[in-house]
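Work through the exercises below with the sequence and the model side by side. Try each task before reading its solution.

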Amino acid sequence: MLIILAVCFAFGMLTMSVVLGKKGKRPAIKDTAYECGMIPIGEGSPRLSVKFYLVAMLFILFDIEVVFLYPWAVVYKQMLAENAAAIFGSMISFLVILFVGYMYALKKRAFDWKG
C-alpha cells in the first residue's frame, strides 16, 4: 500500500506541475546561464589535459592505499603481541610496493600535467 501511495504521489506531483505550471513562450534570455551579471562566452566546461586526470587518479590511488594503513596502525599493539615479525614484515612489504609505485610514477613524470 505504501508503494502504491508513493507511486501515485510521484505521478500526481508531475501531473500537477504540468497542469498548474506556466504556459507560453519564454524569452531566450531567461534560459541562458547567469554568471555574475556577465553574458556567458564560450564553452561551459573547458577541456582539460589527460595528464590532469592521470594526476587525479594517482592521488585517489595513493590516498586509498594510505587508508589501508590506518586500521593497521590502530590495532598494531594488539597484533604485535601475537606475531610481531609477520605483521611488521607484511606492512614493510606493503610500503615497499607503494614506494616502488610512487617512484615509477615520478620516473614517468605522471605528476607533471603541464609538460
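**Exercise 1.** Which residues of α2 are buried?

Solution. The model is predicted, so local features need pLDDT of at least 70, side-chain atom pairs count only at pLDDT 80 or more, and totals for chains, interfaces and linings use all residues. Residues are numbered from 1 along each chain as its sequence is written, and side-chain values use heavy atoms, without hydrogens and water.

Step 1: find the helix. Helices are DSSP runs of H or I with at least four residues, strands are runs of E with at least two, and both are numbered from the N terminus. Helix α2 covers residues 50-74.

Step 2: apply the cut-offs. Buried means under 20% relative accessible area, exposed over 50%, and partly exposed in between, with a 1.4 Å probe and protein chains only. V55, L58, F62 and E65 are the buried residues of α2.

Step 3: look at their partner. These buried residues pack against α4 (84-107).

**Exercise 2.** How many helices and strands does the protein have?

Solution. Count 4 helices and 0 strands. Along the sequence, the pattern reads α-α-α-α. Of the 115 residues, 9% are buried.

**Exercise 3.** What span does α2 reach, and what is expected?

Solution. Take the 25 residues of α2. The expected span is 1.5 Å times one less than the number of residues, which gives 36 Å here. From first C-alpha to last, α2 reaches 37 Å, close to that value.

**Exercise 4.** Where do the axes of α2 and α4 come, and at what angle do they cross?

Solution. Step 1: fit lines to C-alpha atoms over the stretch in contact, with angles from 0 to 180 degrees between N-to-C directions. The two axes come within 12 Å and cross at roughly 170°.

Step 2: classify. Angles under 35 degrees count as roughly parallel, over 145 as roughly antiparallel, 65 to 115 as roughly perpendicular and the rest as oblique. Therefore α2 and α4 are roughly antiparallel.

Step 3: list contacts, meaning heavy atoms within 4.5 Å. In α2, the residues include F68, L69 and W72. Their partners in α4 include I87, M91 and F94.

**Exercise 5.** Is R109 buried or exposed?

Solution. R109 lies in the segment after α4. R109 is exposed, at 53% relative accessible area. Now check the backbone. Most residues other than glycine have a negative phi. Phi of R109 is near 55°, a positive value.
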